[in-house]
Amino acid sequence: MDTTVKYNIEVIKEEALKLVKKRLVNRQQSIYTLCKYIPYRDWLNFELELEKNEFLLRDRIIDLLSDESWEND
């Protein structure tokens, strides 16, 4: 039984944003930091999707959140 999740770049961005909002990761940390929150069996697909979209594991999480919208306080 294959339970590997297929990640697309939009799902990765949403997951990163959720982790930032929960303050589990910081926008300035490397994308590699997200590996702690992705199941090991899914990491290869996650990494391949990042590479396909020209992201490197050393890039910052904020690079994934470039489309982030800000609300007025």
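This text walks through the fold, its middle helix, its aromatic cluster, its salt bridges and two unusual backbone angles.

The model is predicted. The chain contains three helices and zero strands. Along the sequence, the pattern reads α-α-α. Helix α1 spans 9-21 and α2 spans 40-52. Helix α3 covers 61-64. Of the 73 residues in the chain, 33% are buried. The accessible surface is about 5600 Å². Carbon and sulfur atoms account for 48% of that surface. Now take the contacts between residues at least 6 apart in sequence. Of these, 73% join residues at least 24 apart.

Start with α2. This helix has 13 residues. From first C-alpha to last, α2 reaches 19 Å, close to the 18 Å expected at 1.5 Å a residue. Its buried residues are D42, W43, F46, E49 and L50. These residues cover an arc of only 135° around the axis, so they sit on the same side of α2. The other side of α2 carries R41, L44 and K52, which are exposed. What covers the buried residues of α2? The cover includes α1 and α3. The buried side of α2 thus includes two aromatic residues, W43 and F46, and both belong to the next feature.

That feature is an aromatic cluster. Y7, Y32, W43 and F46 form one cluster. The count of aromatic pairs in the model comes to three. One of them joins Y32 and W43, edge-to-face. Their ring centres are 6.2 Å apart, with 90° between the planes. Centres must lie within 6.5 Å to pair, and planes over 60 degrees apart count as edge-to-face. Y32 lies in the loop between α1 and α2, while W43 lies in helix α2, so this pair ties together parts that are eleven residues apart in sequence. The two partners differ in burial class: Y32 is partly exposed at 47% relative accessibility, whereas W43 is buried at 13%.

W43 also pairs with F46. Here the rings are stacked, 4.9 Å centre to centre, with 25° between the planes. Stacking requires planes under 30 degrees apart. W43 and F46 both lie in helix α2. They are three residues apart, about one turn of the helix. Both W43 and F46 are buried. W43 therefore takes part in an edge-to-face pair with Y32 and in a stacked pair with F46.

Next come the charged side chains. How many salt bridges does a search of the whole structure find? It finds two. One joins K52 and E49. Their closest N and O atoms are 3.2 Å apart. K52 and E49 are three residues apart in helix α2, so about one helical turn separates them. Is K52 buried or exposed? K52 is exposed, with a relative accessible area of 62%. E49, at 11% relative accessibility, counts as buried, because buried means under 20% relative accessible area. This bridge links a residue from the buried set of α2 to one from the exposed side.

The other salt bridge joins K18 and E15, at 3.7 Å from N to O. This pair belongs to helix α1. K18 and E15 are three residues apart, so about one helical turn lies between them. K18 is partly exposed at 45% relative accessibility. E15 is partly exposed too, at 32%. E15 also offers a comparison of sequence and space. E15 and I38 are 23 residues apart in sequence. Their C-alpha atoms are 9.4 Å apart in space.

Finally, look at the backbone in the loops. R23 has a positive phi of about 65°, although it is not a glycine. R23 is found in the loop between α1 and α2. Its relative accessible area is 77%, so R23 counts as exposed. E54 likewise has a positive phi of about 65° and is not a glycine. Where does E54 sit? E54 is found in the loop between α2 and α3, just after α2. At 71% relative accessibility, E54 is exposed.

Technical notes. Residues numbered from 1 in each chain as written. Predicted model: local features only at pLDDT ≥ 70, side-chain atom pairs only at ≥ 80, totals over all residues. Heavy atoms only, no water. Phe/Tyr/Trp six-rings, centres within 6.5 Å; stacked < 30°, edge-to-face > 60°. Helix = DSSP H or I, 4+ residues; strand = E, 2+ residues; numbered from the N terminus. Buried < 20%, exposed > 50% of the residue type's maximum accessible area, 1.4 Å probe, protein only. Contact = heavy atoms within 4.5 Å. Areas by Shrake-Rupley, 256 points an atom, 1.4 Å probe, with all protein chains shown as cover. Expected span 1.5 Å × (residues − 1). Arc of directions from axis to C-beta. Salt bridge = Lys/Arg side-chain N within 4 Å of Asp/Glu carboxyl O.
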